[in-house]
Amino acid sequence: ATQRKVDDLAAAEFVVRFATRLQSGESPAQAFAAAQRHLASLTWGDVAQRCREARRLYPPNQNPREAARVEERLMEALYRAGDVTAARRAARSSMR
């Protein structure tokens, strides 16, 4: 457990990038730095896309709590990316 709130999607993105770089032969320090740079380079549009991908992993009928968290994050990412219309549409569909 951690003392700080951790964004699950960001943590997953970091771990996947870190592991991929390690497997390609980079040192742990190089892989860590590359994963940090990758996270820093993500746009809100990228975050929204990752949320859309995560929707398939957490169907509401099987894991309602995680599905709700993904939908909340998607709405925030869409809003921050400037796509207010899509954020409203996502909000309406999550209320069904």
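In which helix is H38 found? In this predicted model, H38 is found in helix α2, and the paragraphs below place that helix within the chain before turning to particular residues.

**The chain as a whole**

The secondary structure of the chain comes to five helices and zero strands, so that reading along the sequence gives the pattern α-α-α-α-α. Along its principal axes the C-alpha trace spans about 45 × 30 × 25 Å. Of the 96 residues in the chain, 22% are buried. Among the contacts with a separation of 6 or more, 37% are accounted for by residues 24 or more positions apart.

**Helix α1 and the aromatic cluster**

Helix α1 covers residues 8–23. Its 16 residues, at 1.5 Å a residue, should span 22 Å, and because its end C-alpha atoms are 22 Å apart, the expectation and the model agree. Just after α1, G25 takes a positive phi of about 105 degrees.

A search of the whole structure finds three aromatic pairs. One of them is formed by F14 and F18, which are stacked, with 6.1 Å from centre to centre and 10 degrees between the planes. Both of these residues lie in helix α1, four residues apart, which is about one turn of the helix. Another pair is formed by F18 and F32, whose ring centres are 6.2 Å apart; the planes stand at 80 degrees, which is over the 60 degrees required, so this pair is edge-to-face. The pair links distant parts of the chain, since F18 belongs to helix α1 and F32 to helix α2 (residues 28–41), with their positions 14 residues apart in the numbering. Taken together, F14, F18 and F32 form one aromatic cluster. Within that cluster, F14 is buried, with a relative accessible area of 16%, whereas F32 is partly exposed, with a relative accessible area of 39%.

**Two buried residues with charged or polar side chains in view**H38, the residue of the opening question, lies in helix α2 and counts as buried because its relative accessibility of 11% is under 20%. Leaving aside its neighbours within four places in sequence, H38 is in contact with E13, R17 and R50.

E66 lies in helix α4, which covers residues 64–80, and at 18% relative accessibility E66 also counts as buried. A polar contact of 3.1 Å joins the side chain of E66 to that of R69. When neighbours within four places in sequence are left aside, E66 is in contact with D8 and Y58.

The relative accessible areas given for these residues are gathered here.

| Residue | Relative accessible area | Class |
|---|---|---|
| F14 | 16% | buried |
| F32 | 39% | partly exposed |
| H38 | 11% | buried |
| E66 | 18% | buried |

**The largest pocket**

How much space lies in the largest pocket? The largest pocket holds about 700 Å³ of space. Its lining is made up of 25 residues, and those that lie nearest its centre are D7, D8, L9, A10 and R73. The elements that give two or more residues to this lining are α1, α3 (44–55) and α4. D8, one of the residues nearest the centre of the pocket, is also one of the residues in contact with E66.

Conventions:
Residues are numbered from 1 along each chain as its sequence is written. This is a predicted model: local features need pLDDT of at least 70, side-chain atom pairs count only at pLDDT 80 or more; totals for chains, interfaces and linings use all residues. Side-chain values use heavy atoms; hydrogens and water are left out. Rings of Phe, Tyr and Trp (its six-membered ring) pair if their centres lie within 6.5 Å; planes under 30 degrees apart count as stacked, over 60 as edge-to-face and the rest as tilted. Buried means under 20% relative accessible area, exposed over 50%, partly exposed in between (1.4 Å probe, protein chains only). The expected span of a helix is 1.5 Å times one less than its number of residues. A polar contact is a pair of N or O atoms within 3.5 Å; within protein, one must be able to donate a hydrogen and the other to accept it, and residues adjacent in sequence count only if both atoms are side-chain atoms. Contact means heavy atoms within 4.5 Å. On a 1 Å grid over the protein atoms alone, a cavity is a set of points where a 1.4 Å probe fits but cannot get out, and a pocket is an open set with protein on both sides within 12 Å along at least five of seven lines; lining residues have an atom within 4 Å of a point. Grid points are joined across faces, edges and corners, and a volume is the space filled by probe spheres set on the points.
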